[in-house]
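Visitor: Could you take me closely through one part of this model, the end of the chain and the helices that pack around it? I would like to know which residues make each contact.

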Amino acid sequence: MIASLDEGSELHETLRSVFAGSDVADETIVVDDGSTDGSCAALEVEEWRARGVVVHRIPRSGVAAARNAGARLARGTHLLFLDAHCRLERDCLGRLRAALAAGPDAVLAPVLRDFGGTALGCGARLIDADLRVRWLPPGPDDAPYPVPIAPGGCLAVRRAVFERLGGFGAFRELGLEDVDFSLRAWRAGIDVLAVPSARLEHRFRPYPPYRLSSASRAYNVARVALVHFDGSRREECLRKVIGTPRAAEVLVEAFSGDWEVQRSAVAAASVRSAEAFFERFGDWR
């Protein structure tokens, strides 16, 4: 499933790399999250229909909502979420499929590298109260192993696990939906596993090809803090929000949302705590 917003030719090249693989997805759903550049409309031609590409349009709702929409449309038992600016290595999907067969109750993160780059990242860890992440280097062999965060650029999961976790949370525009998803997986006793043998290129960009609200990421930070954290850790995150544009508005909206319902649902399904996550993978303090 690919969520796309004004990705232009990147979307088409991503799809070409998917279909050039040794193991092709059973179905390919592109969720058009309000594009205006015609890139998704250009997929509604025989070339792509013949390959089973389905385009589903929604009003602009953000990447989390777009991925959830794609998951609802998908018919298969396995889900792969992919950014619209990637190039998969030939055996990437096959490696992820095999890893899911071997570890069906896990969230999988492949190896990513930037276009033209040599540095590899496989999973990520939280490094500060802004909820920024640092990529982790791949392990020394091809065996899957636990990591803290499965970055949303590409992650694979069984539908049953995805639904057990409630899908992606109600996050705005872009950012931290993958952090929340990985935290919920950890707390539910579901491992996030790096798969070093599955590799792809991802175009990392300082800015996306569309305008973002100046307040959306701050809202997402506040939501993660309210749903998952307690005490000083929560306070650190909320203090970071105070220094951002429209901070008062962001905090009012975050506190007036459904975070208490979500927090209770996550707590009810938890077998591991958020603090145990930091004890296992390292603290930002």
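Guide: At the end of α11 comes G282, a residue whose phi is positive, near 105°. Please keep in mind throughout that this is a predicted model. The helix that G282 follows, α11, spans residues 274-281, and its buried residues are A274, F277, F278 and F281. Looking down the axis of α11, one finds these buried residues within an arc of 90°, so they line one face of the helix. As for what lies over them, the cover includes the strands β8 (124-126) and β10 (145-146) together with the helices α6 (177-187), α7 (216-228) and α8 (231-242).

Of the elements in that cover, α7 deserves the longest look here, and its pairing with α8 is a good place to begin. The two helices pack at an angle of about 165°, and their axes are 9 Å apart. As angles over 145 degrees count as roughly antiparallel, α7 and α8 are therefore roughly antiparallel to each other. Their crossing is left-handed, and the contact is made on the α7 side by A218, V221, A222, A225 and L226, which meet R234, C237, L238 and V241 of α8.

The packing of α7 with α9, a helix of residues 247-255, has an angle of about 40° and a distance of 9 Å between the axes. That angle makes α7 oblique to α9. The crossing of this pair is right-handed, and here the contacting residues are A218, Y219, A222 and L226 from α7, with V250, L251, E253, A254 and F255 from α9.

A further partner of α7 is α10, the helix of residues 259-269, and the axes of these two come within 8 Å and cross at roughly 45°. This too makes α7 oblique to its partner, α10. The crossing in which α7 passes α10 is right-handed, with R223, L226, V227 and H228 of α7 set against W259, Q262, R263 and V266 of α10. If you keep L226 in view while turning the model, you will find that residue in the contact with α8, in the contact with α9 and again in the contact with α10.

Within α7 there is also N220 to consider, a residue of that helix that is buried, since its relative accessible area is 0% and the cut-off for burial is under 20%. Leaving out neighbours within four places in sequence, N220 is in contact with F171, R172, L174, G175 and L176. By way of contrast in sequence position, the C-alpha atom of N220 is separated by 23 Å from that of E7, a residue 213 places away along the chain.

The helix α6, which we met as part of the cover over α11, contains S182. At a relative accessibility of 1%, S182 likewise counts as buried. Apart from its neighbours within four places in sequence, S182 has contacts with P148, I149, A150 and V192.

For comparison, it may help to turn to the other end of the chain, where α1 covers residues 9-19. Eight of the 11 residues of α1 are buried, so this helix is largely enclosed by the rest of the structure. The buried residues in question are E10, L11, H12, T14, L15, S17, V18 and F19. Two of these, L15 and F19, are in contact with T28, which, with neighbours within four places in sequence left aside, also touches G52, V53 and V54. T28 itself is found in strand β2, residues 28-33, and at 6% relative accessibility it counts as buried.

Finally, a word on the cysteines, as a bench reader may well wonder about them. Taking a disulfide as a pair of cysteine sulfur atoms within 2.5 Å, the count comes to zero disulfides. C86 is in none, its nearest cysteine sulfur being that of C154 at 6.6 Å. C92 is likewise in no disulfide, and the nearest cysteine sulfur to it, again that of C154, is 5.4 Å away. At 0% relative accessibility C86 counts as buried, and C92, with a relative accessibility of 0%, also counts as buried.

Conventions: Residues numbered from 1 in each chain as written. Predicted model: local features only at pLDDT ≥ 70, side-chain atom pairs only at ≥ 80, totals over all residues. Heavy atoms only, no water. Buried < 20%, exposed > 50% of the residue type's maximum accessible area, 1.4 Å probe, protein only. Helix = DSSP H or I, 4+ residues; strand = E, 2+ residues; numbered from the N terminus. Contact = heavy atoms within 4.5 Å. Arc of directions from axis to C-beta. Axes fitted to C-alpha atoms, helices over the stretch in contact; angles between N-to-C directions. Parallel < 35°, antiparallel > 145°, perpendicular 65-115°, else oblique. Left-handed = near helix turned anticlockwise from the far one by under 90°.
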